[in-house]
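Visitor: I'd like a close look at a single pocket of this protein, please. Start with the chain around it, then take me in.

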Amino acid sequence: MKVAVVGLGYVGTVTAACVAANGHDVRGVDVDAAKVDEIRAGRSPVAEPGLDELVAQAVTGGTLHATTSCIDALDEADMSLVCVGTPSTVRGGTDLSYVRRAVDDIVAALRIVTPPASGQHSVVIRSTVPPGTVEDLVTPALTSGLAGTGISLGAAMCPEFLREGTGIADFFASPFVVVGTSDPRVAEAVTNLLGFLGQPVRVVDIRIAEALKYTCNAFHATKVSFANEVSRLLRLVGVDSREVMSLFCEDNVLNISPAYLRPGFAFGGSCLPKDLRSLLHLARMNGADLPLLASTLATNALVISEVVDRVVASDARAVALLGLSFKMNTDDLRESPNVELAERLIGKGFDVHIFDPVVNPARLVGANRRHVESKLPHLGRLLAHEPSEALRGADVAIVSSSDRAVLDALLTGRPRHLIDLSGRLGSEVESLPGYEGLGW
Ligand SMILES: NC(=O)c1ccc[n+]([C@@H]2O[C@H](COP(=O)([O-])OP(=O)(O)OC[C@H]3O[C@@H](n4cnc5c(N)ncnc54)[C@H](O)[C@@H]3O)[C@@H](O)[C@H]2O)c1
C-alpha cells in the first residue's frame, strides 16, 4: 500500500519505519525540515533503540521517503496515518490544533494529487485524541473539504500503544491492534496495512478506540502511583515495599488480573473499606500523605450518590431493591453499599422494598446484625419474601443480584425503570425497556 505518515516524531518515525520495513511504500511528512533531512540521510530524528538501523534499511531499500510537502506525501496514497502531537493546553485540555492542521493539509493535498489506484483514501488517526475527535473534527473536515471531488474517503482511530525506549518491540508486539471506524472499507484497509503484525485487528466503535488509549494510560499512571503510595507508607513503618509488591504481583487471580475491573457498583463489605481506613490512619499517624488511596473512598461514595441521584431524577416513588448484601451469595451486610443506598433512599422519602435471596433478618447475628440495625432498623418490615413481592407497585428496580428468581421476576414484572448495578443480568433482562446500566 502507499502510505503517508504525517508527523515524524516518536510515533510517526517508528510507525513509518516499521510499516516501510514490511514492504509498504511509505512517505513521511513533517513540518520540521530538520526531521525530514535526518530521515533522508538514513537516520532517525528521534532516539529509539534500533530505529536508526530500521530507518537506514528502509531508506536504502527505497520503501521510506521523507518530505516537508503534504502534496508529495499524499500523491496516490491509499492511507494517511496522522501521528502529530496532541499536547496539553494551559488549562489541561487537549490541544488538537496540530491534528486539525494535519487534516486540513491532507484535505488540501487530496484535492490536487493523483488519486490512489485503489480509489479509496483512509485517514487514520494514531495520535491520542479525546473521544469524539474523529466524528466531530476529522470527518466533518474531510467531508466539507472534499465535497464534490468524488474522492472516496473514510476515517478511523487506530491508537498506538508503544512506549518510548522499547518503541519498535512494542510496535511489533502491541497488546492489541484496535481500529475504531464505522466504515468497513477503512477497517479492511487498516487490516491489510498491519497484516504483517500477525495479530487480529479488533474493529470497534470510533469512540471506544479513542477512549481506550486514555484508559490504558490512566491505569498505568494509577499503577505507578499506587506502588509509590504503598512504598511511602511502608518505608515509614519499616517494611520493605519492594518485597511486598513483588509478592503482591504474584497474585494473578485478584491483583494482576481482570478482577475488580468491571464498571459497576461501589465496593463495600467487611474488609475493603475497613482496611483502607486502617491504612490511611496508619499513614496519618506517620505523617504520610496517600492522596490516591484516600480518594478511593471519596470516589466510592460518589458511585452510591450517582444511583441516588438517578432515582431522585426519575419520577419514582416506590423502589424495589433486589440484592442487599455487598455481593452475591453472602448475607454479610457490613458496609454493604446497598444498605447505604436503601438508607439514603428511605431518608429521601422513597417507599423501599427489599429482596435478597440470602439475607434472612432472623438469622443475622453479631456485628452483621448491629450494622444493619443501625442503618435499617425496620429491615424486617422492608424485606420481601419473593422478588415479585418487592417489585409489586415499584416504579424503579435497583438490581445487584443476578439470582435466577430475581431475573425471572424482572422478566415477568417488567419494571418501568431498571437500574442494573451488577452488569451481569444477561441479555434477556438487559433488553427490557427501561433498562439502564451503570457506566455503559
Ligand atoms: N511518544 C509516545 O510514546 C507515544 C505513544 C503512543 C501515542 N502517542 C501519541 O502520539 C502522538 C504523537 O506523539 P509523539 O511523541 O510522536 O509526538 P512528537 O512531538 O514527537 O511528534 C509530532 C511530530 O508532528 C509534527 N507535526 C506537527 N504538525 C504537523 C503537520 N501539520 N504536518 C506534519 N507534521 C506535523 C511535529 O513537527 C513533530 O515532529 C501524540 O498524540 C501522543 O500522545 C505517543
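Visitor: And to get going, how far apart are the mean positions of the positive and negative charges of the chain?

Guide: They sit 6 Å apart, with 39 positive charges and 51 negative ones in the chain. Lys and Arg are the positives, Asp and Glu the negatives, with His and chain ends left out, and each charge is placed at NZ of Lys, CZ of Arg, CG of Asp or CD of Glu. Keep in mind that this is a predicted model, where local features need pLDDT of at least 70 and side-chain atom pairs 80 or more, while totals for chains, interfaces and linings use all residues. Numbering starts from 1 along each chain, and side-chain values use heavy atoms, without hydrogens or water.

Zooming out for a second, the C-alpha atoms fill a box of roughly 80 × 60 × 40 Å along the principal axes. The chain has 18 helices and 13 strands (DSSP runs of at least four residues for H or I, at least two for E).

Now for your pocket, the second largest, with a volume of about 180 Å³ (an open set on a 1 Å grid, where a 1.4 Å probe fits, with protein on both sides within 12 Å along at least five of seven lines; lining residues have an atom within 4 Å of a point). Its lining takes in F267, G268, P273, R277, L297, N300, A301, I304, E335, P337, E340 and R344. Three elements give two or more residues each: α11 (272–285), α12 (291–313) and α13 (337–347). Of the lining, α12 supplies the largest share, at 4 residues.

Key
Points joined across faces, edges and corners; volume = space filled by probe spheres on them.
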